[in-house]
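Here is a short briefing for a reader new to this structure. Look it over first, then read the points by topic.

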Amino acid sequence: MKYGNFDDNAREYVITEPETPRPWINYIGRQDYVGMISNTGGGYSFYQDPRYRRLVRYRYNNAPRNVGGRGLYVRDAESGEYFSPTWQPARVDLDDYECRHGLGYTTIRGEKDGVAGEVTYFVPPGEDLEAWRVTVENDSDEPRSLQLFSLVEFCLWDAMDDISNYQRNYNTGEVEVEDSVIYQKTEYRERRNHFAYFACSADIDGFDTQRDAFVGQYDGFDEPQVLEDGQATDSIAHGWSPIGSHQVDLELEPGESEDIVFLLGYHENPEDEKFEAPGVLNKEYVEGTIEEYCDPDALDAAFEELNEFWDDQLSALQVETPDEETDRMVNTWNAYQNTVTMNLARSASLYETGLTRGIGFRDSLQDQLAVLHQFPDRARQRILNLAKIQLKDGGAYHQYTPLTGEGNADIGGGFNDDPMWLVMSTAAYVKETGDTSILEEEVVYENEPGTEAPLAEHLQRAVEYVWERRGPHDLPLIGHADWNDCLNLNCFSENPDESFQTAEHDVDEERAESVFIGGQFVYAVEELAELAEQTDVLPEAAEDYQRYADEMAEAVADAGWDGKWFRRAYDHFEDPIGSSENDEGQIFVESNGMCGMAEIGREDGKVQDAMDSVRERLATEHGIVLHQPAFTEYDERYGEITSYPPGYKENGSVFCHTNPWIMITEAKLGNGERAFDYYKRICPAAREDISDVHTTEPYVYAQTIAGPDAPTTGEAKNSWLTGTAAWNYVAITQHILGVRPNHDGLVVDPAIPADWDEYEVHREFRGATYEITVENPENVESGVDRVEVDGEEIDGQTIPDLGDGETHDVRVVMG
Ligand code: BGC
Ligand code: NOJ
């Protein structure tokens, strides 16, 4: 069952039913102003910080889903009938409906009784506003008297306060209306210097700014009083719930249409120029912007610019393979999702409220892995920003707040995997760009001025942090948890009122160890050792690093090995987790993926055995589950992982983030068939046909797919903001298609299905362009017989870094 289809040429997903199983959303805006638009026009927006600078109100977990916030209504003035071209909020059946989610924009068109409304939402590049470019068209053969009503429900800035502190915020709302512009200036009278505006390009025939006046005391957004009456009330909000709504009356001849633009913007005034008269907002600085973009031609030019931006962004890596779904994900949707996760980490979606989670240290570092070729400068900056919240002891704050850049422990601390991601992402950045100068950048610790040290030293402290914290089996101590936030081996939590994530540790001495971090340490430290060879910033340490890596690999291969797979951890009592000795949780994917990628024990067959065990015990038709058997009871020794019902989230769902680690390991072993098979099992485009099972958007990855122990097996949850996006992109582009940077150039090392005869990769790398054709005349899964660059055969599989700004033809023959 499908609800739409991919339009590959337009790079759009076209939704043809408004009632998708969940709201299927898109993001507009890629820097400061960010909005979410669902396929029925819902969602919210904010400036920089989804908690403190929220513009549009959103009601979480609402029924019906996803109403309020934004709205458009088209009304026939004679019959009094009305509809929303975006279906919601009016929810009147449409004769025709189509939503096109594109890159940074969404167009929704709805038609009813011979009248069509179409709206395109996007953020003009570089501006702090979202534009709604609306067209109303009379497709009937009668002249029609129509009315268009807009709606924005404003959030009173701090979105947490907005949904909790009504004794205050029912009193604070303030607005101004001048010509066709509604200004939302709540709290501007005191400490804020920012305001929002909602402008309309047309002369208006009325407005409302008080929600109750627009909706009615006991009505909903589906049947607002003003639409019933056919006339706005010109209400001015004093407290309660400020909204913005314009009324535009239109007389349209048959076939005639009219363009109307709405702009919802954010602005900060200089502190000493807040008012133009006592209590009156200074609007001087936004007038020009409003005038400019209220002109549909200017808006169209901005739209053009947006499309050019995306052409340019995506052109850095394009592929043509025998598999349509792979092409559509790699060329468009996966790359697009990567830019969203890169911007927002896990902060704001329809599942992440934007209220509590800032930019996570571990999350954001992994997100960078997939955008290095697209915007290396922004990735460089983000890596440095994250390094600022590293602690002096080499550990890290778990997140920072986007508005201040300050690290905090609000969502917990002491996750001992955190520091390793800094090493891994920095190494990946240098491999992509060749820019070792990042290692010399002076960065503070703990946001504290005066503690500046080169990034190289931050990486060293990260390594020392893990090295110095090893437990009874010489494996890294897990701390509060590792990648799996829910493996809480030190808390022994019995109090239902405490969060597992911030629960205090209830042990005299921390002894619980993580095999996962052991694998991650080996991987990261080997990267660092290689990095040390590239630069003299890290010279003396290099040898030590190799020793550290070797010793850790030994500990993992010894205490971390269960006989057929890598164990997961040791608990406080030194008992193994992820072992055949356990009744539940006998085998886990994440330690097998990480130790597999680090190739620990590869020479004596451990990695292959581990992959065989994963295949046998964890691989399902919907992807690879986290562990088996799932935990059936709460166990305070293990914490939050056992709190979830079996098959959900960290208790045995297909946690999609981990699947690419297995794909990568299989690819490294040369098992192309298996690697690609796993890729397809969770690939959203390949699950489009089972949209009624999968339920979330078929164009982006979701965090989890319910595992076989769950009653709703195959159902995805928490789409968009997940490390799944970055890692799957890395797996398919760098390990399956096999084109990846190393310090010297671009390696070509495919691991593909044997029946692929040929594929192409267009790759920009350090200033040059490589047109790579991979031929597979003998239909093998992996292995390269020869590589030719511009017709000349080279030694090995690494295309040298030519860096000459030219385009080079590369021919790779497998065999
Ligand atoms: C979730 C994890 C998440 C953590 C972060 C837990 O409740 O299960 O997936 O990483 O919260 O705060
Ligand atoms: C989601 C979190 O954002 C991520 O940091 C964590 O690794 C996974 N959950 C697994 O717990």
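Asp 604 and Lys 606 join their side chains in a salt bridge, with N and O 3.2 Å apart. Lys 606 has a relative accessibility of 13%, under the 20% limit, so this residue counts as buried. The model is a predicted one.

**Salt bridges**

- The count of salt bridges comes to 68.
- Side chains of opposite charge can pair when their charged atoms come close.
- Glu 176 pairs with Lys 185 in one of these bridges, and their closest N and O atoms are 2.8 Å apart. Both partners, Glu 176 and Lys 185, are buried.
- Glu 190 and Arg 191 form another salt bridge, with 2.8 Å between the closest N and O atoms.
- Are the two partners of that bridge buried or exposed? Glu 190 is partly exposed, because its relative accessibility of 27% falls between 20% and 50%. Arg 191 stands at 70%, which is over 50%, so Arg 191 is exposed.
- One network of salt bridges with shared partners links Arg 57, Arg 59, Glu 153, Asp 162 and Arg 211.

**Nonpolar cores**

- In soluble globular proteins, nonpolar side chains tend to be buried together.
- The largest nonpolar core here holds 221 residues. Which of them touch the most other members? They are Leu 148, Leu 263 and Tyr 679.
- Helix 12, residues 515–534, gives the most to this core: 12 residues.
- Another core lies apart from the largest one and has 12 residues. Tyr 82, Ala 90, Phe 149 and Phe 221 are among them.
- Tyr 679 has contacts beyond its neighbours within four places in sequence. Its partners there are Thr 326, Met 329, Val 330, Met 663, Tyr 701, Asn 728, Ile 732 and Ile 736.

**The largest pocket**

- The largest pocket encloses about 800 Å³ of space.
- Its lining has 36 residues. Which are the closest to its centre? Lys 431, Tyr 523, Glu 527, Lys 668 and His 735 are.
- Several elements each supply at least two residues of this lining. They are helix 10 (418–433), helix 12, helix 16 (659–668), helix 19 (724–736) and strand 38 (739–741).
- Helix 12 therefore appears in two places: in the largest nonpolar core and in the lining of the largest pocket.
- By class, this lining divides into 18 nonpolar, six polar and 12 charged residues.

**The second largest pocket**

- The volume of the second largest pocket is about 670 Å³.
- It is lined by 27 residues. Glu 352, Arg 357, Asp 485, Lys 649 and Gln 703 are the closest to its centre.
- Helix 8, residues 361–368, gives the largest share of this lining, with three residues.
- How many residues of each class line the second largest pocket? The lining has eight nonpolar, 10 polar and nine charged residues.

**Helix 14**

- Helix 14 spans residues 589–597 and is mostly covered. Nine of its nine residues are buried.
- The buried residues of helix 14 are Val 589, Glu 590, Ser 591, Asn 592, Gly 593, Met 594, Cys 595, Gly 596 and Met 597.
- Glu 599 follows helix 14 and has a positive phi, near 55°.

Terms used
Residues numbered from 1 in each chain as written. Chains lettered and ligands numbered in written order. Predicted model: local features only at pLDDT ≥ 70, side-chain atom pairs only at ≥ 80, totals over all residues. Heavy atoms only, no water. Core = buried A, V, L, I, M, F, W, Y, C linked by side-chain atoms within 4.5 Å. Buried < 20%, exposed > 50% of the residue type's maximum accessible area, 1.4 Å probe, protein only. Helix = DSSP H or I, 4+ residues; strand = E, 2+ residues; numbered from the N terminus. Contact = heavy atoms within 4.5 Å. 1 Å grid on protein atoms, 1.4 Å probe; cavity = no way out; pocket = protein on both sides within 12 Å on 5 of 7 lines; lining within 4 Å. Points joined across faces, edges and corners; volume = space filled by probe spheres on them. Nonpolar A, V, L, I, M, F, W, Y, C, P; charged D, E, K, R; others polar. Salt bridge = Lys/Arg side-chain N within 4 Å of Asp/Glu carboxyl O.
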